[in-house]
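User: Please take a close look at one part of this model, a pair of packed helices, and describe what surrounds it. A connected account in formal terms would be appreciated.

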Amino acid sequence: MTGFALKRLGSALLVLLALSVLVYALFYVAPGDPARLACGERCNPQQIAQVREQLGLNDPVVTQYLHFLRGVLAGRDYSGGAGLVLHCDAPCLGFSYQNDRQVTELLLDRLPATFSLALGSLVIWLVVGVGTGLLSALRRGGPAERVLTVLTLAATGTPVFILGLLLLMAVCAYLQWLPFPTYVPFGEDPEQWAWNLLLPWVTLGVFESAKYARLTRSSTLETLAEDHIRTFRAYGVGERRIVTRHAVRGAVAPVIALSAVDFGTMIGGAVLTESLFGIPGLGKTLIDGVRVVDLPVVVGVVLAIGTAVVLAGAVADLLYALADRRVTLT
């Protein structure tokens, strides 16, 4: 397992290196003026020239990328003009001229909101999705399975922003059970933090749970049809023991792996949900950065999303191997 983990970590680092090359080429080498995009439309030619000098855009492309990579790994100094030197600690993702802040500081401020959204949604989609999938598989052919199948298909076919709007209209506007959500940090008021995130949690949780219900159902039926399960039944082992101690473990293994990937994706930013409910997370930061053409922020969020997904994929492989001992580690 240790060798497999080290090999998987090495592969993830290579993917992250390739991702950094791709992102840098896409935003800084592609046609256009990165200095103007970083500085904004209101900058005059003198300011754009200063930003170009600060970002090192007058150097060769390879040198520019190496400076960018060194900043991510070890920090970087920027020229602030008039002899002023601005230091950016690692991981340095650049400087947002629109917000007058380092991009890393901005992302760290927004990360708790996104993490809160992802964590609550994870709990809901695992409880609802896995529970629905297991019940559907164990009641195969019965009325319960048909009802659950219809509900799963309905949740799958409903876009997340439509589901969120319906919940806002029903719960906040029509029934008035809850006020319209306003994000409150956990450290300020844990109770209000939970109440204001309830609708976003339900929106993402229900949307994702449909996928997990289908996956759990198919994995459970596949596991129950394997030879060793039939052998247990032939020896008279009780059905409840077969399901709880053998079938569920094999069926839940792919669910655990997929959950790690989806959680990493959520950390990268649930763009639609954060924008809909006004949650100041990474997804909303990306939308705001695109809207005002804040290039360093866009690059920083894209790299953060890519890093979260790549690392989550590595964790998913490890969790899958731990959950299902039948997996061959290579």
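Analyst: Helices and strands here are DSSP runs, with at least four residues of H or I for a helix and at least two of E for a strand, numbered from the N terminus. The model is a predicted one.

Two packed helices are described by the angle between their axes and the distance between the axes. For helix 7 (residues 160–174) and helix 8 (residues 190–224), the axes come within 9 Å and cross at roughly 140°. Helix 7 is therefore oblique to helix 8, since only angles over 145 degrees would count as roughly antiparallel. The handedness of this crossing is right-handed.

On the side of helix 7, the contact is made by Val160, Leu163, Gly164, Leu167, Leu168, Val171 and Cys172. Their counterparts in helix 8 are Leu199, Val202, Thr203, Leu204, Val206 and Phe207. Classified by residue type, this contact holds 11 nonpolar and 2 polar residues, with no charged ones. An α-helix has 3.6 residues a turn, so residues three or four places apart point the same way.

The connection between the two helices also deserves attention. Glutamine 176 sits in the loop between helix 7 and helix 8, and has a positive phi of about 55° although it is not a glycine. Most residues other than glycine have a negative phi. With a relative accessible area of 61%, glutamine 176 is exposed, because exposure requires a value over 50%.

Other elements reach the pair as well. Leucine 276, located in helix 11 (residues 271–277), touches Phe161, Gly164, Leu165 and Leu168, residues up to four places away in sequence not being counted. Gly164 and Leu168 also belong to the contact with helix 8. Leucine 276 is partly exposed, its relative accessible area being 26%. Its C-alpha is 10.0 Å from that of proline 181, although the two residues are 95 residues apart in sequence.

A further neighbour is serine 121, in helix 5 (residues 103–138). With residues up to four places away in sequence excluded, serine 121 touches Pro200, Trp201, Leu204 and Gly205; Leu204 is also among the helix 8 residues that meet helix 7. Serine 121 is buried, at a relative accessible area of 0%.

Elsewhere in the chain, one backbone feature merits a note. Proline 91 is placed in the loop between strand 2 (84–88) and strand 3 (95–96), and the peptide bond from alanine 90 to proline 91 is cis, with omega near -5°. Most peptide bonds are trans.

Conventions:
Residues numbered from 1 in each chain as written. Predicted model: local features only at pLDDT ≥ 70, side-chain atom pairs only at ≥ 80, totals over all residues. Heavy atoms only, no water. Axes fitted to C-alpha atoms, helices over the stretch in contact; angles between N-to-C directions. Parallel < 35°, antiparallel > 145°, perpendicular 65-115°, else oblique. Left-handed = near helix turned anticlockwise from the far one by under 90°. Contact = heavy atoms within 4.5 Å. Nonpolar A, V, L, I, M, F, W, Y, C, P; charged D, E, K, R; others polar. Buried < 20%, exposed > 50% of the residue type's maximum accessible area, 1.4 Å probe, protein only.
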